[in-house]
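This briefing goes through a structure topic by topic. Please keep the sequence and the 3D view open while reading.

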There are 2 protein chains.
Amino acid sequence: MKWFLQDAPENSIVLSSRVRLARNWRDMPFPQRMDDGQIAACCNRAREVLCSDNTQLQYVALSSLSPIDRQALVERHVISPALVESAERAALIVSPDEDLSVMVLEEDHLRIQAFEGGMQLEKAYQAARVPEGKLCPAGMVAFDDKLGYLTACPTNVGTGMRASLLMHLPGLTLSGQIEALQRALSKIGLTVRGLYGEGSTAAGHFYQISNQVTLGLSEEDILATLSQAGHEVLDLERQARQSLKENKGLAFEDQLMRSVGILQQARMLSSAEFMQLLSMAMLAADLKLYTPPQQDTLRRLMLTCQAAGIQKTAGKPLDETARDALRAKIVREALAHK
Amino acid sequence: MKWFLQDAPENSIVLSSRVRLARNWRDMPFPQRMDDGQIAACCNRAREVLCSDNTQLQYVALSSLSPIDRQALVERHVISPALVESAERAALIVSPDEDLSVMVLEEDHLRIQAFEGGMQLEKAYQAARVPEGKLCPAGMVAFDDKLGYLTACPTNVGTGMRASLLMHLPGLTLSGQIEALQRALSKIGLTVRGLYGEGSTAAGHFYQISNQVTLGLSEEDILATLSQAGHEVLDLERQARQSLKENKGLAFEDQLMRSVGILQQARMLSSAEFMQLLSMAMLAADLKLYTPPQQDTLRRLMLTCQAAGIQKTAGKPLDETARDALRAKIVREALAHK
C-alpha cells in the first residue's frame, strides 16, 4: 500500500483516488447465470491474459483465503464486500502494492480498479485502462453502440466506471456542513458514502465521493465533474478547519489533543472509537498541533488497525476484547516517540 | 514543601500527617472579643516569642499579602480558609518549608500546626510541641484542671488538638466503600472530610481523616486511635486497589492510562477535572502502570496546580479560562519525558 502511505497531492484531505471499470465478455452470460464450467473459463481467461506475461500480478482464488485474509482485503479496499460473498467462485488479480486489482466474478465478469494516493483521478483512470485494454479488446467485450458497456446491474451500464475520492472531512462534519454538501453534490450526479461504500457510516469523518451516473456521459466528463467537485470540497474543508481553529480556539485544540493523548495511552480501543480518535489526530497533525513520529504513521494505522488487520497481525482469530487490546497496543507503540 | 515531596512512610496512600494545637493566653479575651490594642499585643507577643531568637520562622501579617497569595497558602494547607476571613487582623508565623506554622488570631489566639509527609503522626505532634512549649508556658495558657485547654469554640476544649491524615483513597472510592468507612470511623470518634476540611468535597479521591473529639481523651489516646485507624484504612485501600486491578483487569488499566494520556495532552484542565485525572495518574503510578518523569512529579503538580498556585506562577490574576489553559500547560510540560 505504498501509494496510500507516500506523500501525494492534497493527501492531508484527499486520502486516495480510485477508478473502477465494470466489464463483461460478450461470449459468456452474466455471473449470476453462469454454470461451473463458465465460471472456471472466466477465471482462467482473466488469469491467462494478465498473469502469463506479467509476473507482477498475482492470481488468488478467493476460496483459498481465510475469512480473516478476505476481510483484511476489504478493509484495505482491495476487494468489495460483495466479492467476499461470492468467495466460493470469485478470484482476485492484484499487484504487489495493491494499487491495481481485478475482481473476477463479483457482480460483473471483471471489476478492474486502480488506486492512487491523494487527488490523482486521471492517473488512476489511466492505470486502470492498461489491464482493461488487455482483458477487453474490441469485439470481445459486451458493448452496445447506443448504451455503451453492458453490465449485470443497469446502474453501471454506459461507461461502467465508478470514480471516487476518499476524503477526510472532519472540518465539514464538526461544523455541521456534511448534509448540505451531500445535497449539493447529488444535484450534479455525485454521491457521498461512508468509508466502506454503500450503507456504511462515515466512521471517523472519512467519506467516499463518487459518480452516481454512468450512462450518457463520457469517462472524461465524469472525471472532470468529480475532480472539480473534489477540489471544491477540498477548499471548503480547508476553510472549515481553519475557521474551527480560529473560532473555537483553545477548546478545539484541547479536543484534538485529548484524542492524541487517549490514542497514546489507552489500553483498549474499539474500532469505531479508534477511527474517531485517529480522525482527530490526523486533523491535529494537519493543523500542526501534533507531530506524529513518522509522516505516514497515522495513515499506516488506519490501514492496519481495522478488525481483520489486527487479527492478521496477531496471526490468529481474536475476540472483540482481545482485538481492542491489541489495537490499543499497536497504536500506542506506533505513537511512542523513539 | 519538601516534607510533602520527599519519600515518606506509606506516602503512596497517606500523603501527609498533620497535628494542630489550639491555644489561648489566659490574660487576653478570645479573638472575637478583642479590641485593636489587644489584637496588636497578641500578634506582637507571638512574633517576639518565636521570631526574635529564631530567624528560620517568618512572621507575616495576612493583610500584607495579596488575595492570591493568601489563597495559595490555603491551597497548600498552610493556613485555614477561616484565617483568610480574618485577614485584616490575623498573622502567620511559618517555617521556610511550611512544615510548621502558627496562625495567630484565627478562631483562637494560636493555632500551631505541624506537617510531616506520609504516616508520621507522632513526629508531627512532637514538632508542634516545640513552638507550643515556647508560646504557652504553664501559667500563661488558658487551661482548666478539669476541662483542659480552653478554646474559643467548645468543640476544641480539652486537648485543643486536631490530628489528621490526608489520604488518597481512589480504590475505596471507586469500589463504593467510602460511605461505609465514614460510618465506621465516626463510631470511634473520627471524621472523614474532603481535601480542604469541613464542607469541602473529596476532589480527586483525597480525604482528611481526623479526630472529632478533643475532650476527655489524652493526646496519646487520640494519636493512637487515629494512627491505628489510618493503618486499617491503608490496608483496606491497598486491598481495594489490588482487587480493582485483578477483577476489572484491562478495562481498569485503560481507565487509568486514559487519564494519564489526557493529562499529557489536554490544552485546558479545570481544577476539578485535574484533581480527578491526577488521582487516577497517582493510582496508575502506584500500580506500576505508569512511571512519571520524577518520583515527586505528581505530588508537586497537586501542590502547584490549584487556582491560586496557577496565578502565582503566572504572576498575575487570571480568569478561569486562562487558569485552565495555564494549568494544562504546566501539567503537560511536567509530564513530558525529557
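A residue is called buried when its relative accessible area is under 20%, exposed when it is over 50%, and partly exposed in between (1.4 Å probe, protein chains only). A:Leu62 is buried on this scale, at a relative accessible area of 0%. The model is a predicted one, in which local features need pLDDT of at least 70 and side-chain atom pairs count only at pLDDT 80 or more, while totals for chains, interfaces and linings use all residues; side-chain values use heavy atoms, with hydrogens and water left out. Residues are numbered from 1 along each chain as its sequence is written, and chains are lettered from A and ligands numbered from 1 in the order in which they are written.

**Surroundings of A:Leu62**

- A:Leu62 sits in the loop that joins strand E2 (58-61) to H3 in chain A; helices (H or I, at least four residues) and strands (E, at least two) are DSSP runs, numbered from the N terminus.
- Leaving aside residues up to four places away in sequence, A:Leu62 is in contact (heavy atoms within 4.5 Å) with A:Arg70, A:Ile79, A:Leu83, A:Ala87, A:Ala90, A:Ala91 and A:Leu92.
- One of these partners, A:Leu83, is 21 residues away along the chain, and its C-alpha atom is 8.3 Å from that of A:Leu62.

**Positive phi values**

- A:His77, which is not a glycine, has a positive phi near 65°.
- The loop between helix H3 (67-75) and helix H4 (81-85) of chain A holds A:His77.
- In chain B, B:Glu98 also is a residue other than glycine with a positive phi, about 65°.
- B:Glu98 belongs to the loop between strand E3 (91-94) and strand E4 (100-104) of chain B, and B:Glu98 is buried at a relative accessible area of 13%.

**Cysteines**

- A disulfide is a covalent bond between the sulfur atoms of two cysteines.
- With a disulfide taken as a pair of cysteine sulfur atoms within 2.5 Å, the search of the whole structure finds zero over all chains.
- Why does A:Cys51 not bond to A:Cys43? The sulfur of A:Cys43 is the closest cysteine sulfur to that of A:Cys51, but it is 11 Å away, which is too far for a bond.
- A:Cys51 is buried, with 17% relative accessible area, and A:Cys305 is buried as well, with 0%.

**Salt bridges within the chains**

- Over all chains there are 36 salt bridges, each a side-chain nitrogen of Lys or Arg within 4 Å of a carboxyl oxygen of Asp or Glu.
- A network of salt bridges links A:Glu106, A:Glu107, A:Asp108 and A:Arg111.
- Within this group, A:Arg111 pairs with A:Glu107, with the closest N and O atoms 3.2 Å apart.
- A:Arg111 is buried at 6% relative accessibility, whereas A:Glu107 is partly exposed at 33%.
- A:Lys329 and A:Glu333 form another salt bridge, at 3.3 Å from N to O.
- Both A:Lys329 and A:Glu333 are in helix H12 (residues 320-335) of chain A, four residues or about one helical turn apart.
- A:Glu333 is partly exposed at 45% relative accessibility, and A:Lys329 is partly exposed at 39%.
- In chain B, the side chains of B:Asp254 and B:Arg258 form a salt bridge whose closest N and O atoms are 2.9 Å apart.
- B:Asp254 and B:Arg258 are about one helical turn apart because they are four residues apart in helix H8 (residues 219-265) of chain B.
- Both B:Asp254 and B:Arg258 are buried.

**Interface of chain A and chain B**

- Chain A and chain B each bring 18 residues to the contact.
- About 1500 Å² is buried between the two chains, 59% of it from carbon and sulfur atoms; buried area is the accessible area (1.4 Å probe) that two parts lose on being put together, summed over both.
- On the side of chain A, the residues that lose the most area to chain B are A:Arg258, A:Gln265 and A:Arg267, which together give 40% of what that side buries.
- Four salt bridges are counted between chain A and chain B.
- A:Arg258 makes a salt bridge with B:Glu273, with 2.7 Å between the closest N and O atoms.
- Helix H8 (residues 219-265) of chain A gives the largest share of the side of chain A that touches chain B, namely 11 residues.
- By residue type, the side of chain A that touches chain B has 10 nonpolar, three polar and five charged residues; Ala, Val, Leu, Ile, Met, Phe, Trp, Tyr, Cys and Pro count as nonpolar, Asp, Glu, Lys and Arg as charged, and the others, Gly among them, as polar.
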